[in-house]
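Visitor: I'm new to this, and I'd like to know how the labels on a structure get decided. Can you show me the reasoning?

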Amino acid sequence: MLRHITNLHQVFRRQISSSVRRQLENKVPEKQKIFQEANGMPVHLKGGLGDAVLYRATMGLTVLGTACVIYELVKAAVPQKKA
């Protein structure tokens with residue numbers, strides 16, 4: 001059993017180390033042009049749809065969290081009615 005596990009380990013190691021690495025193209029200059037344009041858009045929204053969705057989700061969670069905190073503070077500050 002242990003021999004089979006070590007054989008599998010060697011096979012996986014061999015496949016990972018012998019795989020061909022693909023060349024990645026440098027996209028930094030393209031991104032710099034996009035973010036340095038003076039088009040009146042805030043920098044946190046210049047990345048496209050993904051940035052807009054992420055920004056709106058973050059703001060929504062922030063507003064929801066703030067509302068929950070205020071609710072809990074008011075609930076803690078107001079005395080409970082005794083039944």
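Guide: Here we take some labels one by one and check each against its cut-off. Keep in mind that this is a predicted model.

Visitor: What is the overall layout of the chain?

Guide: The chain has 3 helices and 0 strands, and from the N terminus on its elements run α-α-α.

Visitor: How do you know how confident the predictor is in each element?

Guide: We look at pLDDT, the predictor's confidence from 0 to 100. The chain averages 85, and 84% of the residues score at least 70. Among the elements, H3 has the highest mean, 96, and H1 the lowest, 67. Where pLDDT is low, the predicted coordinates shouldn't be read in detail.

Visitor: What makes Glu72 and Lys75 a salt bridge?

Guide: The label needs a side-chain nitrogen of Lys or Arg within 4 Å of a carboxyl oxygen of Asp or Glu. For Glu72 and Lys75 the closest N and O atoms are 3.7 Å apart, so the pair meets the cut-off. A search of the whole structure finds 1 salt bridge.

Visitor: Where do Glu72 and Lys75 sit in the chain?

Guide: Both lie in helix H3, residues 49–77, and they are 3 residues apart, about one turn of the helix.

Visitor: Why is Glu72 called partly exposed?

Guide: Buried means under 20% relative accessible area and exposed means over 50%, with partly exposed in between. Glu72 comes in at 42%, so partly exposed is the label. Lys75, with 39%, gets that label too.

Visitor: And why does Met1 count as exposed?

Guide: Met1 has 76% relative accessibility, and exposed starts over 50%, so the label fits. Met1 sits in the segment before helix H1, and together with Leu2 and Ile5 it makes a nonpolar surface patch of about 390 Å².

Visitor: What makes the link between Thr62 and Thr66 a polar contact?

Guide: A polar atom of the Thr66 side chain lies 2.8 Å from the backbone oxygen of Thr62. The cut-off is within 3.5 Å, so the distance passes. Thr66 is in helix H3 and, at 41% relative accessibility, counts as partly exposed.

Visitor: How do you know what the chain does over residues 53–74?

Guide: UniProt, in an unreviewed entry, places the feature "transmembrane region" at residues 53–74. In the model that stretch is 100% helix and 0% strand, and its end C-alpha atoms are 32 Å apart.

Visitor: How much of the chain is buried?

Guide: Buried residues make up 2% of the 83 residues. The accessible surface comes to about 8300 Å², and 64% of it belongs to carbon and sulfur atoms.

Methods
Residues are numbered from 1 along each chain as its sequence is written. This is a predicted model: local features need pLDDT of at least 70, side-chain atom pairs count only at pLDDT 80 or more; totals for chains, interfaces and linings use all residues. Side-chain values use heavy atoms; hydrogens and water are left out. UniProt positions are given in the numbering used here, feature names are shortened, and annotations may be inferred rather than shown by experiment. Helices (H or I, at least four residues) and strands (E, at least two) are DSSP runs, numbered from the N terminus. Buried means under 20% relative accessible area, exposed over 50%, partly exposed in between (1.4 Å probe, protein chains only). Patches are made of residues with over 30% relative accessible area and no salt bridge: like charges are joined within 9 Å, nonpolar side chains (Val, Leu, Ile, Met, Phe, Trp, Tyr) within 5 Å. Accessible areas come from the Shrake-Rupley method with a 1.4 Å probe; for residues, only the protein chains shown count as cover. A polar contact is a pair of N or O atoms within 3.5 Å; within protein, one must be able to donate a hydrogen and the other to accept it, and residues adjacent in sequence count only if both atoms are side-chain atoms.
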